[in-house]
Amino acid sequence: MTIKEVSQKYDLSPDTIRYYERIGLIPPVPRKPNGIRDFDQESCNWIEFVRCLRDAGVQIEALIDYVHLFYQEGTAEARKAILVEQRDRLQKQIDTMNLVIERLNKKVDRYEEIIIPAEKKLLNKKRE
């Protein structure tokens, strides 16, 4: 696949894809004899993986570390540790967001049950 096709498939700009490759976030992409990137399935799998984790807020540095370890022998535990750490960080964020949503739901309920009816009552009195 060309960089344009990959860009459209994963909704990333070509510049972002080049940047990810340059900083080691994705492994080097195979190239045609003329030097143009020729994305194979493995390259696309990496882009999809990185895109998913970046969308979730995983830090670039953690992903770079993961990719570097991926190409070294005996690093499965270290790679797993990176993923577990990021998962735990995301879970903490989700828990925090759930608490915020719960609080906002209570506020919205308060508006619907008390504040809006009280405001309507006041407006009706002013009209009388």
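A disulfide is a pair of cysteine sulfur atoms within 2.5 Å. In this predicted model, the count by that rule comes to 0 disulfides. Cys44 shows why: its sulfur sits 15 Å from the closest cysteine sulfur, the one in Cys52, and that is too far for a bond. Looked at from the other end, Cys52 has its closest cysteine sulfur in Cys44, again at 15 Å and too far for a bond. Cys44 is also tucked away from the surface, counting as buried at 1% relative accessibility.

Moving on to the start of the chain, helix H1 covers residues 3–10 and helix H2 covers residues 14–22. Their axes come within 9 Å and cross at roughly 100°, so H1 and H2 are roughly perpendicular to each other. On the H1 side, the contact is made by Ile3, Val6 and Ser7, while H2 brings in Pro14, Ile17 and Arg18. Sorted by class, this contact of H1 with H2 has 4 nonpolar residues, 1 polar and 1 charged.

The loop between these two helices, H1 and H2, is home to Asp11. What is the phi of Asp11, which is not a glycine? It is positive, at about 55°. That stands out a little because most residues other than glycine have a negative phi. As for its surroundings, Asp11 is exposed, with a relative accessible area of 60%.

The next loop, between H2 and helix H3 (41–55), holds Ile23. At 24% relative accessibility, Ile23 counts as partly exposed, since the partly exposed class runs between 20% and 50%. Which residues does Ile23 touch, once those up to four places away in sequence are set aside? They are Ile60 and Ile64. Ile64 is 41 residues away from Ile23 along the chain, yet the C-alpha atoms of the two are separated by 7.7 Å.

Further along comes the loop between helix H4 (60–70) and helix H5 (76–127), and this is where Thr75 is placed. Is Thr75 buried or exposed? Thr75 is buried, with a relative accessible area of 7%. With its neighbours within four places in sequence left aside, Thr75 is in contact with Leu69 and Phe70.

Phe70 turns up again among the aromatic residues, as part of a cluster linked by ring pairs. The other members of that cluster are Trp46, Phe49, Tyr66 and Tyr71. How many aromatic pairs does the model have by the rule for ring centres? The count comes to 7 aromatic pairs, with two rings taken as a pair if their centres lie within 6.5 Å. Phe70 thus appears twice in this account, as a contact of Thr75 and as a member of the ring cluster.

Methods. Residues are numbered from 1 along each chain as its sequence is written. This is a predicted model: local features need pLDDT of at least 70, side-chain atom pairs count only at pLDDT 80 or more; totals for chains, interfaces and linings use all residues. Side-chain values use heavy atoms; hydrogens and water are left out. Buried means under 20% relative accessible area, exposed over 50%, partly exposed in between (1.4 Å probe, protein chains only). Rings of Phe, Tyr and Trp (its six-membered ring) pair if their centres lie within 6.5 Å; planes under 30 degrees apart count as stacked, over 60 as edge-to-face and the rest as tilted. Axes are lines fitted to C-alpha atoms, for helices over the stretch in contact, and angles run from 0 to 180 degrees between N-to-C directions. Helices (H or I, at least four residues) and strands (E, at least two) are DSSP runs, numbered from the N terminus. Angles under 35 degrees count as roughly parallel, over 145 as roughly antiparallel, 65 to 115 as roughly perpendicular and the rest as oblique. Contact means heavy atoms within 4.5 Å. Ala, Val, Leu, Ile, Met, Phe, Trp, Tyr, Cys and Pro count as nonpolar, Asp, Glu, Lys and Arg as charged, and the others, Gly among them, as polar.
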